[in-house]
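Open the model in a viewer and keep the selection panel at hand. The stops below are meant to be taken in order.

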Amino acid sequence: MAREKYATNVKRQVAMVLDLNKCLGCQTCTIACKKMWNTDTGSGYAYWNNVETMPGKGYPANWQTTGGIDAEGKIKRGEIPTLDTGYGRAWTFDHQEVFASSGNEPSQKIWIQPKEKNVKHGANWDEDEGVGTYPEDNHYFYLPRICNHCEEPACLHACPRGAIVKNEENGIVMVNQDRCHGYRFCVEACPYKKVYFDPKRQVANKCIFCAPRVEEGVAPACARQCPGRLRYVGFMDDEDGPIWKLVKKWGVAVPLHPEYGIGPNVFYVPPMSPPQLDMHGVPLDEPRIPMAFLEQLFGPAVKDAMNILLEERERKKAGESSELMDLLIAYDWNENFKLDDGTREVFS
Amino acid sequence: MKKKLDLISAPTGLQPGNYVKEAYVDPREPSTPKADVEVTQNGKAWQLTLSWDCPDPVTDVSDDTHRFIDSVAFMAPGTPDAVWITMGEEGKPVEAILWRADREAPLRVVAEGWGTVERNEPPEGWTVTSAWDKGRWTVTFNIAEWPALEAHQQLAAAVWRGAARNRAGLKSVSPGWFPIEA
Ligand code: SF4
């Protein structure tokens, strides 16, 4: 039986584009989000925004292998990651012990380290590991992830309580914790694993796309705090805004795992990479990040997106003008964000 | 009244939302196939006891993301024709008393169809005790007054086995209302 399709009554959809060519993996976005929204003790492990190294297991571990839909469009049964092997428990530290040990010989000093032993995973577990052989083809890149605020949210349709809602005004998907009974079908069903469960409060929680900020015309904290200036925020249908330009006009921003079939509203400009080298150190025609891997993540449309990026980069290199490159370079940071017409996001 | 109940799995095809319907298959056997029920009335007060085999009790789920709690509920119709399997429908409510293994007090539940369940702290005089011994749970509700049960003299029971990840509509239930008179 093919999956039922759902009509939504969303008037406008807010969206984000992230340029993976510019992510530093600094986790400023992760911390900006965590400190602002998500400090409950039962959610210590949960990062609404996380940045993972790709290729890698990601966070939670192996999230790409659970849930989604199968080749016939039927919903697959997902899994609920565990704290130990899926997300990784939040680490605790004995700062006092470290302070007290200062001034001793280096060999006697106690260095900062998690109290937990036998840790099996964490939110940034395989940072900078990547794959390949140095110097021929070793590579990795950073993939920042938030909730995709999908067209047909798997979490919303999985909830028997109607506790997950998609806002009609801006398409933001949120959990109504007053209605949530902690059943976690949302956690299971979301193929991006972007709904979390607070076992202390027994309720689900997730990225709210900084809804109170968006309502005031201010971009989400993860985007606003990003020192790489790689995040763009606006409405999908705003032809003067950065989202429409990057997704529709230029076609260089593509969604993560479009084959999951639920219409994600977060898009990525794929990472260009230097060439692989042969055994003598001579550059080959192949990029270090194989196109096949990018297609696995972003679907076949990533190929065209990459070609357009490379062409425009050449134009810019040749001294010609390129609206696309200017937007991606973020000469004027105000161009990155366009929510409320009256709001200038960044003051220079 | 004492009664042996053969329980069935609540059908996944009837569950609200698309996920459980499509992603789950109905188990061949209910997670909890049998239960013993005992009902006694003393004036307006009721004592309802359910006991069932549970080799792997789950009494605390506060320290991980994937664990589910053992629970049990007795449900009474709010109107003579309230439907049991859907937990009532609009205008034909059901009422229930729910025990969770991680709570001291029971919860009072009202519903007019699946997805409408409201849980609240119980009225004064609604209490519960529980004991797990030799692979078996025994849960006893003491209810000072329950007008719906008094009026309709019928109950249904549901058992959620945490170790089998039972929750919401994934549960073992009595196959319909049963009368509380022998
Ligand atoms: S703040 Fe920006 S540059 Fe830093 S990790 Fe997040 S997305 Fe990447």
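Which residues in H9(A) meet Val302(A), Lys303(A) and Met306(A) in H10(A)? Bear in mind while looking that this is a predicted model.

**Stop 1: H9 and H10.** Select residues 291-298 of chain A for helix H9 and residues 301-317 of chain A for helix H10. On the H9(A) side, the residues that meet those three are Met291(A), Leu294(A), Glu295(A) and Phe298(A). By class, this contact has five nonpolar, no polar and two charged residues. Now turn to the axes of the two helices: they are 8 Å apart, and the packing angle is about 120°. Angles of 65 to 115 degrees would count as roughly perpendicular and those over 145 as roughly antiparallel; H9(A) and H10(A) are therefore oblique to each other.

**Stop 2: Val254.** Keep Phe298(A) and Val302(A) displayed, and add Val254(A), which touches both of them. Val254(A) is found in strand E9, residues 254-255 of chain A. Further residues that Val254(A) touches, not counting those up to four places away in sequence, are Phe267(A), Tyr268(A), Ala301(A) and Ala305(A). Buried means under 20% relative accessible area, so Val254(A), at 5% relative accessibility, counts as buried. Next, pick the C-alpha atoms of Val254(A) and Val17(A): they are separated by 8.5 Å, although the two residues are 237 apart along the chain.

**Stop 3: H8.** Select residues 242-249 of chain A, which form helix H8. Color the buried residues Pro242(A), Ile243(A), Lys245(A), Leu246(A) and Val247(A). What covers these buried residues of H8(A)? The cover includes strands E1 (14-19), E8 (231-235), E10 (266-269) and E13 (337-338), together with helix H11 (323-329), of chain A. Just after H8(A), stop at Gly251(A), which takes a positive phi of about 65°.

**Stop 4: Thr66.** Go to the loop between strand E2 (50-54) and helix H2 (83-87) of chain A and select Thr66(A). Is Thr66(A) buried or exposed? At 10% relative accessibility, Thr66(A) counts as buried. Leaving aside neighbours within four places in sequence, Thr66(A) is in contact with Glu79(A), Pro191(A) and Lys193(A). Show the side chains of Thr66(A) and Lys193(A), which are joined by a polar contact of 3.3 Å.

**Stop 5: the ligand.** Finish by selecting the ligand and the 13 residues that surround it. Which of these are the closest? They are Cys23(A), Cys26(A), Gln27(A), Cys29(A) and Cys226(A). Colored by class, the shell around the ligand has nine nonpolar, three polar and one charged residues.

Key. Residues are numbered from 1 along each chain as its sequence is written. Chains are lettered from A and ligands numbered from 1 in the order in which they are written. This is a predicted model: local features need pLDDT of at least 70, side-chain atom pairs count only at pLDDT 80 or more; totals for chains, interfaces and linings use all residues. Side-chain values use heavy atoms; hydrogens and water are left out. A residue is near a molecule or strand if one of its heavy atoms lies within 4 Å of it. Ala, Val, Leu, Ile, Met, Phe, Trp, Tyr, Cys and Pro count as nonpolar, Asp, Glu, Lys and Arg as charged, and the others, Gly among them, as polar. Axes are lines fitted to C-alpha atoms, for helices over the stretch in contact, and angles run from 0 to 180 degrees between N-to-C directions. Helices (H or I, at least four residues) and strands (E, at least two) are DSSP runs, numbered from the N terminus. Angles under 35 degrees count as roughly parallel, over 145 as roughly antiparallel, 65 to 115 as roughly perpendicular and the rest as oblique. Contact means heavy atoms within 4.5 Å. Buried means under 20% relative accessible area, exposed over 50%, partly exposed in between (1.4 Å probe, protein chains only). A polar contact is a pair of N or O atoms within 3.5 Å; within protein, one must be able to donate a hydrogen and the other to accept it, and residues adjacent in sequence count only if both atoms are side-chain atoms.
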